[in-house]
Amino acid sequence: MLNDLLKRYPCLSEIEVDISKAEDAIINCYEKGGKILLCGNGGSSADCEHIVGELMKGFLKKRPVSDSKRAEMKANCPCLEDEIISKLQCGLPAVSLTSMNALNTAFCNDVDPELIYAQPLMSMANKNDILIGIS
């Protein structure tokens, strides 16, 4: 996949090693049960939302509900129809810190706007998570 990216955008070849390290870190994060947290301001906030939207559903790779997950869902809710389950996808955990409007505006008003993303990280971030800041 990295090779495809570099073919489309040859100028990125200068940072190929950094992109590969980021890719490895993200894969490692998910393999260890972590999640991706994203933050940014303005247009970068919109980018965060877009990335989360792609991770939380299938993007290039569809992630159908496994047989074991399907059985678990049916055990927990016997009336759940197979048709509904078949429309769902197993997403990768990701959170856009920019979409927490009530928290963000309250924290800016009551405490310190420079720490707008530090506060939700205090509550939500775990050892195997990754924070991606977009600027």
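A disulfide is a pair of cysteine sulfur atoms within 2.5 Å, and I would like to start from that cut-off, since the cysteines are my opening topic. The sulfur of Cys77 has its closest cysteine sulfur in Cys79, at 3.6 Å, which is too far for a bond. Please keep in mind throughout that what we are looking at is a predicted model.

For Cys29, the closest cysteine sulfur is the one in Cys39, and because the separation there is 15 Å, a bond is again ruled out. In line with these two cases, a search of the whole structure returns 0 disulfides.

How do these cysteines sit with respect to the surface, buried or exposed? Cys29 is buried, having a relative accessible area of 3%, whereas Cys77, with 30%, is partly exposed.

Let me stay with Cys29 for a moment, which belongs to helix α2. Leaving aside residues up to four places away in sequence, Cys29 touches Gly34, Lys35 and Ile36, and also Asn128, Asp129 and Ile130. As for longer distances, the C-alpha atom of Cys29 is separated by 25 Å from that of Glu14, although the two residues are 15 apart along the chain.

Glu31 is also found in helix α2, but Glu31 counts as exposed, at 64% relative accessibility. Between the C-alpha atoms of Glu31 and Leu103, which are 72 residues apart along the chain, the separation is 30 Å.

That brings me to the largest pocket, which holds about 1,400 Å³ of space. Its lining is made up of 26 residues, and those closest to the centre of the pocket are Met1, Glu23, Ile26, Leu55 and Phe59. Two or more lining residues come from each of α1 (2-8), α2 (16-31), α3 (43-55) and β3 (130-134). Which element gives the most to this lining? The answer is α2, the helix we have just been discussing, with 6 residues. Sorted by class, the lining of the largest pocket contains 18 nonpolar residues, 7 charged residues and 1 polar residue.

Finally, a word on confidence, and on how literally we may take the coordinates. Where pLDDT is low, the predicted coordinates should not be read in detail. In this chain the average pLDDT is 94, and 100% of the residues score at least 70. Confidence in the chain is lowest in α1, with a mean of 92, and highest in β3, at 98; both of these elements, as I said, give residues to the lining of the largest pocket.

Terms used:
Residues numbered from 1 in each chain as written. Predicted model: local features only at pLDDT ≥ 70, side-chain atom pairs only at ≥ 80, totals over all residues. Heavy atoms only, no water. Buried < 20%, exposed > 50% of the residue type's maximum accessible area, 1.4 Å probe, protein only. 1 Å grid on protein atoms, 1.4 Å probe; cavity = no way out; pocket = protein on both sides within 12 Å on 5 of 7 lines; lining within 4 Å. Points joined across faces, edges and corners; volume = space filled by probe spheres on them. Helix = DSSP H or I, 4+ residues; strand = E, 2+ residues; numbered from the N terminus. Nonpolar A, V, L, I, M, F, W, Y, C, P; charged D, E, K, R; others polar. pLDDT = per-residue confidence, 0-100. Contact = heavy atoms within 4.5 Å.
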